Amino acid sequence: MPRRERNKFVKKNQVLELKIEDYAFGGKGIARIHSEEGSFVVFVPNTLPGQLVKAQISKSSKNYAEAKLIDVLEPSEDEVEVEFQDIPGAPYIQLPIELQHRYKKESTLSLFKRIGKVENIEDLFDEFVTSPNVFHYRNKMEYGFSAIGYDRIHKTDKDEFTLGFKRRGVWWMGDNLEKDSGLFDKQMEDNLKNIRQYCIETGLDPWHGPKKEGFFRYFVVRKSFKTDELLCNLVTTSPDLDKFDLQKFANFLKDIFGERLAGLLHTINDETGDRTIATSGSLELVYGKDKIVEELLGLNFEISMKSFFQTNPKCAEKLYNKVVEYVLEDKSKVDNTVVMDLFCGTGTIGQIVASKSENAKIVGVDIVASAIADAKKNAKRNNIEGLKFFAADVGKFLIAHPEYQNKIKTIILDPARAGIAPKTLQKIINLNADRMVYVSCNPATQARDTELLREAGYLIKKISLVDQFPHTSHIETVVLFEKS
């Protein structure tokens, strides 16, 4: 076996000070190490051009290395002061939103040129859709408890009861949220320190990651922008539950939030894995109701603690409007026909298309059974007819239903971050539809799928970008493919 060529520039786990010079897709800052032997690229996620950072090499190859951000030593001259506490979920909150948009557009379009081989992608660009709310746009947040905290002055860990977010890249270290992060509900986040203090005074321990023990694990909150209500879920282990008064905790929350508190749920999670909802745990209602209602484009959607729902509903409306605009651009390929809505989730897009078209039949398919159950309930709630939802793997569904081949003119695709498996995409291509509207939360996998679609005769007609998550590297794309 040939020996792997040793990297002359960096070693794994080496800690370096790097000047970030450029920006690549996915929020990766580009630094370069210059020497007599040439120039070597190091990618550092969650960094910006102009920053001086301390980073640790996590992976290296002959041509480039990847590093984990440890600390920002000097800010970029583009950054501005903000009133919010910095958190891992908003690495670019100090960068003016116009610059965030520019970086996202340039890096995303370059992906389609490089990976999707679409040389004229700039000519096909339609619109950059901005979020109506730049701050406080999220409708869900998960706050973690930890017995190991972060000392921001000495930049080290310490034994401390924390409630907030994990330090970036450190699964066992928490960082207290002392005030509004700018992403979620201001009243909730300004009061999180009071909730933490209440829990401290019970004498019960927060979760200790390395030891895999403790009582308090997570505090999860969902918010409805329609009603302004908050639905809370306290996640704990079962030992010591007899020492914690859940009803008293509900009353404490009600004293703070009043009528805004829709309900309090309690989840028992005794699993050692780091997730909020355990596969074997229980979920019970302590106070109020277990669901809230959100509105999108005039349709009402009931959301439980476990439901998947768009995190930025106000921007989701703009995303769905763009999708529906592309779908209905040629109504002759929608009205009085069957439209396939694949990877449909809770069926939101299909419901909107059905409500705006003439006698269109929507067939929605998704592998997540609970999402399909929600889709059926929401369609009933909104009195929309002509919808059929199936809980099934998309590839297997298409094999089991050959009757749809050559009968579909329009397909809507909205897959998960991993994109569409090549075999499944081939089955979708075999339906022989005239056009596809492909929504993606990961343009890298969509750009990859673009090449296979082009080989099958589907060319991009339009592409729009939707900024659902300001202050992060995430961007969503809506692409209209038409058969040439």
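Which residues is T162 in contact with, leaving aside its neighbours within four places in sequence? That is a good warm-up for the exercises below, which all work on a predicted model.

**Exercise 1. Describe the surroundings of T162.**

Solution. Start with the location: T162 belongs to strand 8, residues 156-166. Next, take the contacts. Leaving aside neighbours within four places in sequence, T162 is in contact with G144, F145, S146, I148, G149, G174, D175, N176 and R196. Last, check the accessibility. The relative accessibility of T162 is 0%, so this residue counts as buried.

**Exercise 2. Lay out the sheet that contains strand 8, and find its edges.**

Solution. Begin with the strand order: seven strands make an open sheet, arranged 9-8-7-10-11-12-13, with mixed pairing. The edges are strand 9 (174-176) and strand 13 (282-288); each has a single partner strand, so one side of each is left without a neighbour in the sheet. Neighbouring strands here are turned by 30° against each other on average, direction ignored.

Now zoom in on one pair. Strand 10 and strand 11 (residues 230-236) run antiparallel and are joined by seven bridges. To fix the register, use F219, whose bridge partner in strand 11 is L234.

**Exercise 3. Place helix 4 and helix 5 on this sheet, then work out how they are arranged relative to each other.**

Solution. Take the helices one at a time. Helix 4 lies across strand 7 (140-151), strand 8, strand 9 and strand 10, and runs at about 120° to strand 8. Helix 5 lies across strand 10, strand 11, strand 12 (261-268) and strand 13, at about 150° to strand 12.

For the pair itself, two quantities are needed. Two packed helices are described by the angle between their axes and the distance between the axes. The axes of helix 4 and helix 5 (residues 246-257) come within 11 Å and cross at roughly 155°. That makes helix 4 roughly antiparallel to helix 5, since angles over 145 degrees count as roughly antiparallel. The crossing of the two is right-handed.

Finally, list the contact residues. From helix 4, N194, I195 and Y198 meet K248, F249, F252 and L253 of helix 5. Sorted by class, this contact of helix 4 with helix 5 has five nonpolar, one polar and one charged residues.

**Exercise 4. Repeat the analysis for helix 6 and helix 7, and decide whether helix 7 is enclosed or open.**

Solution. The axes of helix 6 (residues 313-327) and helix 7 (residues 348-356) come within 10 Å, with a crossing of roughly 55°. Helix 6 and helix 7 are therefore oblique to each other, and their crossing is right-handed.

The contact is made by Y320, V323, V324 and V327 in helix 6 with T348, I349, I352, V353 and K356 in helix 7. By class, the contact of helix 6 with helix 7 has seven nonpolar, one polar and one charged residues.

To answer the last part, go through the burial. T348, I349, G350, Q351, I352, V353 and A354 of helix 7 are buried. Seven of the nine residues of helix 7 are buried, so this helix is largely enclosed by the rest of the structure.

**Exercise 5. Map the eight-stranded sheet and the position of D126 in it.**

Solution. Eight strands form an open sheet in the order 6-21-22-20-19-16-17-18, with mixed pairing. Strand 6 (125-129) and strand 18 (387-391) are the edge strands, each pairing on one side only. Strand 21 (residues 458-466) runs antiparallel to strand 22 (residues 476-483), and eight bridges join them. One register point is Y458, with K483 as its bridge partner in strand 22. Helix 1 (residues 97-114) lies across strand 6, strand 21 and strand 22, at about 165° to strand 21.

D126 sits in strand 6. With 31% relative accessibility, D126 counts as partly exposed. Not counting residues up to four places away in sequence, D126 touches K322, E325, Y326, K462, I463 and S464.

**Exercise 6. Examine the backbone at K212 and F343.**

Solution. Recall the background: most residues other than glycine have a negative phi. K212 has a positive phi near 55°, in the loop between helix 4 (192-201) and strand 10 (216-223). F343 has a positive phi of about 60°, in the loop between strand 16 (338-342) and helix 7. For accessibility, K212 is partly exposed at 42%, while F343 is buried at 19%.

Conventions:
Residues numbered from 1 in each chain as written. Predicted model: local features only at pLDDT ≥ 70, side-chain atom pairs only at ≥ 80, totals over all residues. Heavy atoms only, no water. Pairing = 2+ DSSP bridges. Helix = DSSP H or I, 4+ residues; strand = E, 2+ residues; numbered from the N terminus. Contact = heavy atoms within 4.5 Å. Axes fitted to C-alpha atoms, helices over the stretch in contact; angles between N-to-C directions. Parallel < 35°, antiparallel > 145°, perpendicular 65-115°, else oblique. Left-handed = near helix turned anticlockwise from the far one by under 90°. Nonpolar A, V, L, I, M, F, W, Y, C, P; charged D, E, K, R; others polar. Buried < 20%, exposed > 50% of the residue type's maximum accessible area, 1.4 Å probe, protein only.
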